[in-house]
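This report goes through one structure, beginning with how its copies are arranged and ending with single residues. Please keep the sequence and the model in view while reading.

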2 protein chains.
Amino acid sequence: MRHQVTGFSNPLVKELRALRDKKHRRRQGRFLAEGLRLLLEGLDCGHVPDTLVLASGRDHHPRMAELEDAVVRAGGRVVETSPDILARITGKDNPQAVAGAYREFPRPLAALDRDAAPLWLVAHELRDPGNLGTMLRTGDATGAGGLILIGDCVDPFSVEAVRASMGAIFTQAVALAGWTEFHDWLRHGHGQLVAASLREAVHYREAPYAAPCFLLIGNESRGLPQEVEAACDLRVTMPMRGRADSLNAAIAAAVLAYEVRARIG
Amino acid sequence: MRHQVTGFSNPLVKELRALRDKKHRRRQGRFLAEGLRLLLEGLDCGHVPDTLVLASGRDHHPRMAELEDAVVRAGGRVVETSPDILARITGKDNPQAVAGAYREFPRPLAALDRDAAPLWLVAHELRDPGNLGTMLRTGDATGAGGLILIGDCVDPFSVEAVRASMGAIFTQAVALAGWTEFHDWLRHGHGQLVAASLREAVHYREAPYAAPCFLLIGNESRGLPQEVEAACDLRVTMPMRGRADSLNAAIAAAVLAYEVRARIG
């Protein structure tokens, strides 16, 4: 059965809208994703929203009924509302016709199987949700096992990060850890830790990558702390041929991730 | 002499704030850049703002006086205001301590010297200002000659694009053209047109790139129209190892740009 929601002040609208705020996401342990494409990606990976919101006047899509059925079977809510109210919930001027609220699912480091993939992306104090989402998307494209977020990173379940991931939030494992915790976990098994470095380092096309390769990307303004770089097995650098001295963090991650995969297969 | 601006309703505040809007940028032929780093990048490339806005209470920087002098010598205005008012102008919660308004400087295609660089980035109907700015930044890093924007692209002089370029708006040539105009220009000289393609194409690590290489990236949702791809000398594709069927446009541009530069030097 579909609930109808017609007012901006409906408690459900407030509850979902609050998920745009990190504090409320933490409290509820839930996050928002929008767009049929993302929600179907989630469904195909076994993620069903506890609340599905449909805008009236949306185009017909053959898989919409499948999504709705899955929500109902899992005991979730299906809500129909106006495009205006959906826009209010997602905070986007041109909202998608559908959105869903999900339980968050970060994994502890201990639950990662490092041999499940030859490549893992690791971000240190990444601050931009677009960069984080883009790294998830690149991780999916390069067959990475997932994204490990070290220290004070932006929330991977923010609306912007989920949006930029284009569905990869559902396909990539996401783990959060402190640096020491990560380093201990890594060194209690095999794995090569590779830093994207601005300092003197091996040219990225000539570096001896080895699987499982953990590719470590630093903060957007500060890069990696020196002691973190020093703890890596390999520091690689990309030529900078212009006036700029750095690349966008998600760009550096992608160029290196594609290089690693081209070299270690 | 520094003008003091203390009120939100000051006409200068309104004039500069209006530059966040495309219509007003077009009308004034000017754009906004923020942050000392960007402004110094501009200065080093010969771009001096006609109006320089400084927030009170900013940290001392040895090159600030140099920037201020350059503005005064060029007959521009230097304005001191509060951090709040600067935030109102740039629309950023944590504004930089300095911003400048510049004359726009897109170049006509005919003014580009295609042999000035082995690589040029070309974007077709690119919609996201962050992607555009990031492509400029990547163009700088890979020694591209500039960015050619085809068709209905987002404004390269938007605040978001300028911000994401991290100063490369000042170092990279930017040209706007229709597809036919660009194609005519390109074919009246030498140059290889390479499409980043999702369709059947040559593996990007095995493609025979040649300078000057024009790397063409499509719209974020639709990619390139088939007839545009068909007009290219080469269509290259990157392996997609996950569930996603595409990369972020700026990411695809960067992986290919680095590949081209590694191969044609």
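What rotation, and what shift along its axis, superposes chain A on chain B? In this predicted model, the rotation is 180°, the shift along the axis is 0.0 Å, and the RMSD is 0.0 Å. That is the relation of a two-fold axis. Val255(A) is the residue of chain A that comes closest to this axis, with its C-alpha at 2.5 Å. The copies meet through the same surface, because 100% of the interface residues of chain A are also interface residues in chain B.

**The chain as a whole**

Chain A contains 11 helices and 12 strands. Its C-alpha atoms fill a box of roughly 60 × 40 × 35 Å along the principal axes. The radius of gyration of chain A is 20 Å, which agrees with the value near 18 Å that a compact globule of 265 residues would have. Of the 265 residues in chain A, 54% are buried.

When contacts in chain A between residues at least 6 apart in sequence are considered, 79% of them join residues at least 24 apart. The accessible surface of chain A is about 11000 Å², and carbon and sulfur atoms account for 48% of that surface. Chain A has 32 positive and 32 negative charges, and the mean positions of the two sets are 3 Å apart.

**Helix α5 of chain B**

Helix α5 of chain B spans residues 83–90, and its buried residues are Ile85(B), Leu86(B), Ala87(B), Ile89(B) and Thr90(B). What covers these buried residues? The cover includes helices α1 (11–17) and α7 (159–165) of chain B, together with strands β2 (30–34), β3 (51–55), β4 (77–81) and β5 (98–103) of chain B. After α5(B) comes Gly91(B), which has a positive phi near 75°.

**Leu126(B) and Asn131(B)**

Leu126(B) lies in the loop between β6 (119–124) and α6 of chain B. Asn131(B) is in helix α6 itself, which covers residues 129–141 of chain B. Is Leu126(B) buried or exposed? Leu126(B) counts as buried, with a relative accessibility of 0%. Asn131(B) is also buried, at a relative accessible area of 8%, because the cut-off for buried is under 20%.

Setting aside neighbours within four places in sequence, Leu126(B) is in contact with Asn131(B), Leu132(B), Met135(B), Asp152(B), Cys153(B), Val154(B), Gly218(B), Glu220(B) and Ala249(B). One of these, Asp152(B), is 26 residues away from Leu126(B) in sequence, and the C-alpha atoms of the two are 7.4 Å apart. With the same neighbours left out, the contacts of Asn131(B) are Leu126(B), Glu220(B), Asn248(B), Ala249(B) and Ala250(B). Glu220(B) and Ala249(B) thus appear in the contacts of Leu126(B) and in those of Asn131(B).

**Pro239(A)**

Pro239(A) is located in the loop between β12 (234–237) and α11 (249–264) of chain A. Its relative accessibility is 22%, so Pro239(A) counts as partly exposed. Which residues does Pro239(A) touch, apart from neighbours within four places in sequence? The contacts are His203(A) and Tyr204(A) in chain A, and Ala141(B) and Tyr258(B) in chain B. Pro239(A) and Ala87(A) are 152 residues apart along the chain, and their C-alpha atoms are separated by 43 Å.

**Backbone details in both chains**

Two backbone features are listed below for each chain.

| Item | Feature | Value |
|---|---|---|
| Ala211(A) to Pro212(A) | cis peptide bond | omega about -10° |
| Ala211(B) to Pro212(B) | cis peptide bond | omega near -10° |
| Met166(A) | positive phi | phi near 50° |
| Met166(B) | positive phi | phi near 55° |

Pro212(A) sits in the loop between β10 (202–203) and β11 (213–217) of chain A. In chain B, Pro212(B) is in the loop between β10 (202–203) and β11 (213–217).

Where is Met166(A) found? Met166(A) is in the loop between α7 (159–165) and α8 (168–171) of chain A, and at 29% relative accessibility Met166(A) counts as partly exposed. Met166(B) has its place in the loop between α7 and α8 (168–171) of chain B. Met166(B) counts as partly exposed too, at 30% relative accessibility.

Conventions. Residues are numbered from 1 along each chain as its sequence is written. Chains are lettered from A and ligands numbered from 1 in the order in which they are written. This is a predicted model: local features need pLDDT of at least 70, side-chain atom pairs count only at pLDDT 80 or more; totals for chains, interfaces and linings use all residues. Side-chain values use heavy atoms; hydrogens and water are left out. Helices (H or I, at least four residues) and strands (E, at least two) are DSSP runs, numbered from the N terminus. The radius of gyration is taken over C-alpha atoms; the globule rule is 2.2 Å times the number of residues to the power 0.38. Buried means under 20% relative accessible area, exposed over 50%, partly exposed in between (1.4 Å probe, protein chains only). Contact means heavy atoms within 4.5 Å. Accessible areas come from the Shrake-Rupley method with a 1.4 Å probe; for residues, only the protein chains shown count as cover. Lys and Arg count as positive and Asp and Glu as negative; His and the chain ends are not counted. The place of a charge is taken as NZ of Lys, CZ of Arg, CG of Asp or CD of Glu. Copies are superposed by least squares on the C-alpha atoms of residues with pLDDT of at least 70 in both.
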